[in-house]
Every structure is written in structure tokens, then in C-alpha cells.
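Visitor: Hey, got a minute to walk me through this one? I'd like to hop around a bit and ask whatever comes to mind.

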Amino acid sequence: SPNQTKVGAERYEREIRNSLSDGTYGIVKNEDVLTVAQYRDAFLKWYGRVSKASSVKRRRELLDDHIIPLFGNRRLNDFREKQEEALQDRLAGRKSKSTYNCAAATINKMLQAARAQELFSSEPYQFSYFPRGKGKPRYYNHHQLELVIKAATEVGTLALVMVLLGADAGFRRGEMLGLDGANVNFDTGKVEIWEAEYIVDDQRNADTPKSGLMRTVKMTPRLKAALQQRIKERGYGRLFVNEEGEQLTNWDMRCLMASVQELAGLSSNGNLHVLRHTFGSHLALAGVPMIAVQALMGHATIQSTMVYMHLVPGDIDSGIDSLSAARRQRGGNENTPNHQ
């Protein structure tokens with residue numbers, strides 16, 4: 001206690017207990033701190049300088065749909081456990097836990113940015129997250145993939161290039177939209193992934209791939225042949241354009257994929273990401289080391305790649321068998337220490 005008398009110390013204790021109870025402990029009362037609603041635009045402008053347009057859009061949606069309706073009039077230095085519980089009550093019950101986690105991350109980033117800009121002096125409160133493991137990726141088995149490729153061939157060269165870029169090279173949709181014929185190197189037999197195009201609110205934004213990592217992938221013979229045909233049709237420019245030469249939209253890509261899926265007799269939801277999961281899954285099934293799968297997929301961390309680990313041939317027990325065999329070779333008896 002800063003007070004040296006018994007009465008002063010007891011009063012100080014009561015003040016701390018009361019502030020802990022009402023959630024105001026640690027808040028500096030005389031600071032003129034902005035509210036969440038007042039800081040919204042400045043935060044999004046700051047966030048836009050360090051993030052992709054699609055990420056900014058998601059933060060804006062979370063702010064407008066959930067955070068500002070709940071905390072719009074709350075000052076940036078006035079967050080405690082009660083506010084965390086309120087956000088959980090709003091989202092975790094009727095929404096997926098990932099929505100709560102994204103909203104919590106948005107608030108955390110906002111408070112960290114405000115503190116870094118010295119808009120208040122106390123340490124910002126940080127919302128906790130629900131632990132969530134990655135779900136099992138959905139992919140096409142070899143038979144299904146052949147059906148998709150056959151259907152894409154019937155639809156046209158563009159559809160075939162789309163399917164093979166995803167299933168044979170692990171392209172994301174934005175990387176397909178950003179692919180230029182000049183990035184296809186037939187001399188080395190590799191396709192170079194330098195750029196991705198993100199379409200947000202009908203605005204096209206060229207940026208680096210999702211992980212920020214550029215990569216090259218060796219073309220399979222069928223992908224090489226399809227790209228040669230597409231470049232012959234369209235020239236060395238953006239490859240995902242319509243007959244009039246206009247760049248395809250996200251919706252165009254989904255419709256193209258849905259038409260291929262329908263013709264193949266599969267669920268026609270237009271989801272292109274199943275092709276990328278097919279690429280990663282088939283690499284794992286072929287026994288490709290995870291570090292190589294990570295590089296080919298363009299994952300920033302190995303944790304993203306580990307979702308395919310369950311497909312690796314063999315099982316955990318085989319590791320113990322290999323260990324026992326190695327020890328028997330060295331000492332003759334794996335239970336007897338080698339004293340040499």
C-alpha cells in the first residue's frame with residue numbers, strides 16, 4: 001500500500017477489491033482515450049498497411065457485425081474479463097468457435113495497435129482463444145481425380161488448367177488468378193508462383209501469395225501440356241480470362257469448378273480448395289517427406305502441413321520396430337547395454 005497507516009491501507013485494499021469487482025482495475029481515469037467506434041477507421045487504415053485486402057475485409061466485417069455493436073462505446077483501455085465473457089456469449093454459443101477466435105484476435109490487434117500508438121498508457125487487455133485443431137482435409141482420391149480431369153478436358157482448356165494447377169501444383173485460387181504465362185518456364189519445366197490476386201468488394205488486389213512465400217513447382221507432363229495449349233490460345237499474359245479477354249472473378253471460378261464437378265458426377269459446390277488439398281494429400285500418400293510437402297505447398301509453417309501427416313504410409317509402430325532392429329545390430333540384444 002502507498003499509505004503508511006492502517007486506515008489508509010484498508011481503504012486502499014477496498015478500492016482495489018471494488019475495482020477488481022467492477023472491471024476497472026488498472027484503468028487510468030484521467031486519460032481521454034478513444035472508444036472502439038472512434039478508433040475503427042484509424043485501426044483499419046493501420047491494419048491495411050501490414051495485411052492483405054482480404055484480411056482487412058474480414059476484420060472490418062467482424063468490427064461492424066459484432067465488436068462495435070457490443071463494445072462501440074467502450075474505451076480502448078477499458079477491457080477486462082467481463083468483456084471477454086460477453087463476446088463469448090455473443091459468438092461462441094450460436095457461432096463457431098473460430099468466429100469468436102477471429103473476433104478476439106481483431107480486438108487484440110486493435111488494442112495492441114492503439115497502445116503502440118500511445119493512445120493509452122496501461123498494458124492492453126488480451127482476449128484468450130478457444131483451442132481448435134485443424135480439421136481433416138477433404139480431397140479427391142485417385143479415381144475421383146481422374147473423373148474430374150476427364151470432365152475438365154470436356155469443358156475446355158481453361159477448366160483443365162484450373163484443375164491441374166490445383167491438383168498437380170497446389171495452386172490457391174488467388175494464385176491461379178495471378179498467374180501470367182510469362183511465369184511458366186518450359187525450359188526448366190517449372191511454373192513460378194510470384195503473385196496472387198485477391199478480389200475484395202469487386203476490387204482487384206495483386207499481392208504476394210498467402211504465406212508471403214514465392215515458390216516454383218515442377219510441372220507434371222499433363223500440366224505442362226495443358227499450359228502450353230492455354231498459352232497458345234491466350235498468349236503470354238494473364239491466363240484466367242474469358243473469351244473477351246476480361247479477368248475472371250471469384251464467382252466465375254466457382255461456376256467453372258462447379259460445372260466440372262457436376263459433369264464428373266461429384267458434389268458441385270464450386271470449391272476449388274479441394275484441388276489443393278488433393279495435391280497435398282497425394283504427396284503425403286506417396287511418402288514425400290513433410291518438409292518437402294511444406295515447400296511445395298508454400299506453407300509458412302510446418303504446422304499447416306501436418307494436417308496431411310495421417311496419410312503418410314506406414315504407422316507409428318513401424319518406428320519402434322526400426323528402433324529395435326537398429327539396437328539389435330549395434331549390441332546384439334536391445335535390452336543389454338553396450339559397454340564397449
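Guide: Sure. Keep in mind that this is a predicted model. Let's begin with Leu248, which sits in the loop between α9 (221-234) and α10.

Visitor: Is Leu248 buried or exposed?

Guide: Leu248 is buried, because its relative accessibility is 7% and the cut-off for buried is under 20%.

Visitor: And which residues is Leu248 in contact with, leaving aside its neighbours within four places in sequence?

Guide: Leu158, Leu177, Ile199, Arg204, Phe240, Val241, Asn242 and Met253. Take Leu177 from that list: Leu177 and Leu248 are 71 residues apart along the chain, yet their C-alpha atoms are separated by 7.4 Å.

Visitor: OK, zooming out. How many helices and strands does the protein chain have?

Guide: The chain has 14 helices and 5 strands. It runs to 340 residues, and 39% of those are buried.

Visitor: What share of the contacts comes from residues 24 or more positions apart?

Guide: That would be 63%, counted among contacts with a separation of 6 or more.

Visitor: Now pockets, my favourite. What volume does the largest pocket have?

Guide: About 1,200 Å³ for the largest pocket. It is lined by 33 residues, and the closest to its centre are Arg172, Tyr198, Lys210, His273 and Arg276.

Visitor: Which element gives the most to that lining?

Guide: Strand β3 does, with 5 residues. β3 covers 196-200, and it is one of the elements that each supply at least two lining residues, along with α3 (53-71), α8 (173-177), α10 (250-263) and α11 (273-285).

Visitor: How does the lining split by class?

Guide: You get 12 nonpolar, 12 polar and 9 charged residues in the lining of the largest pocket.

Visitor: You mentioned α10. Where is Gln261 placed?

Guide: Gln261 is in helix α10. Its relative accessibility is 0%, so Gln261 counts as buried.

Visitor: What does Gln261 touch, not counting residues up to four places away?

Guide: Gln261 touches Tyr140, Leu266, Ser267, Ser268, Asn269, Gly270, Asn271 and Val274. As for Ile149, it lies 112 residues from Gln261 along the chain, with 9.6 Å between the two C-alpha atoms.

Visitor: Switching to helix packing. At what angle do α7 and α9 pack?

Guide: Helix α7, residues 157-169, packs with α9 at about 145°, and the axes are 9 Å apart. The crossing of α7 past α9 is left-handed.

Visitor: Which residues in α7 and α9 meet?

Guide: On the α7 side, Thr157, Leu158, Leu160, Val161, Leu164, Leu165, Asp168 and Ala169. They meet Arg222, Leu223, Ala226, Leu227, Gln229, Arg230 and Glu233 in α9. By class, that contact has 9 nonpolar, 2 polar and 4 charged residues. Leu158 also came up earlier, as a contact of Leu248.

Visitor: Any backbone angles to look at? What is the phi of Glu118?

Guide: Phi of Glu118 is near 60°, which is a positive value in a residue other than glycine. Glu118 belongs to the loop between α5 (97-116) and α6 (142-155).

Visitor: And is Glu118 buried or exposed?

Guide: Exposed, because its relative accessible area is 68% and the exposed class starts over 50%.

Visitor: Last one: where does Thr99 lie, and is it buried or exposed?

Guide: Thr99 lies in helix α5. With a relative accessible area of 13%, Thr99 is buried. Leaving aside neighbours within four places in sequence, Thr99 is in contact with Arg58, Leu62 and Leu91. Gln88 is 11 residues from Thr99 in sequence, and the C-alpha to C-alpha distance is 9.9 Å.

Definitions and conventions: Residues are numbered from 1 along each chain as its sequence is written. This is a predicted model: local features need pLDDT of at least 70, side-chain atom pairs count only at pLDDT 80 or more; totals for chains, interfaces and linings use all residues. Side-chain values use heavy atoms; hydrogens and water are left out. On a 1 Å grid over the protein atoms alone, a cavity is a set of points where a 1.4 Å probe fits but cannot get out, and a pocket is an open set with protein on both sides within 12 Å along at least five of seven lines; lining residues have an atom within 4 Å of a point. Grid points are joined across faces, edges and corners, and a volume is the space filled by probe spheres set on the points. Helices (H or I, at least four residues) and strands (E, at least two) are DSSP runs, numbered from the N terminus. Ala, Val, Leu, Ile, Met, Phe, Trp, Tyr, Cys and Pro count as nonpolar, Asp, Glu, Lys and Arg as charged, and the others, Gly among them, as polar. Buried means under 20% relative accessible area, exposed over 50%, partly exposed in between (1.4 Å probe, protein chains only). Contact means heavy atoms within 4.5 Å. Axes are lines fitted to C-alpha atoms, for helices over the stretch in contact, and angles run from 0 to 180 degrees between N-to-C directions. A crossing is left-handed if the near helix is turned anticlockwise from the far one by less than a right angle, and right-handed if clockwise.
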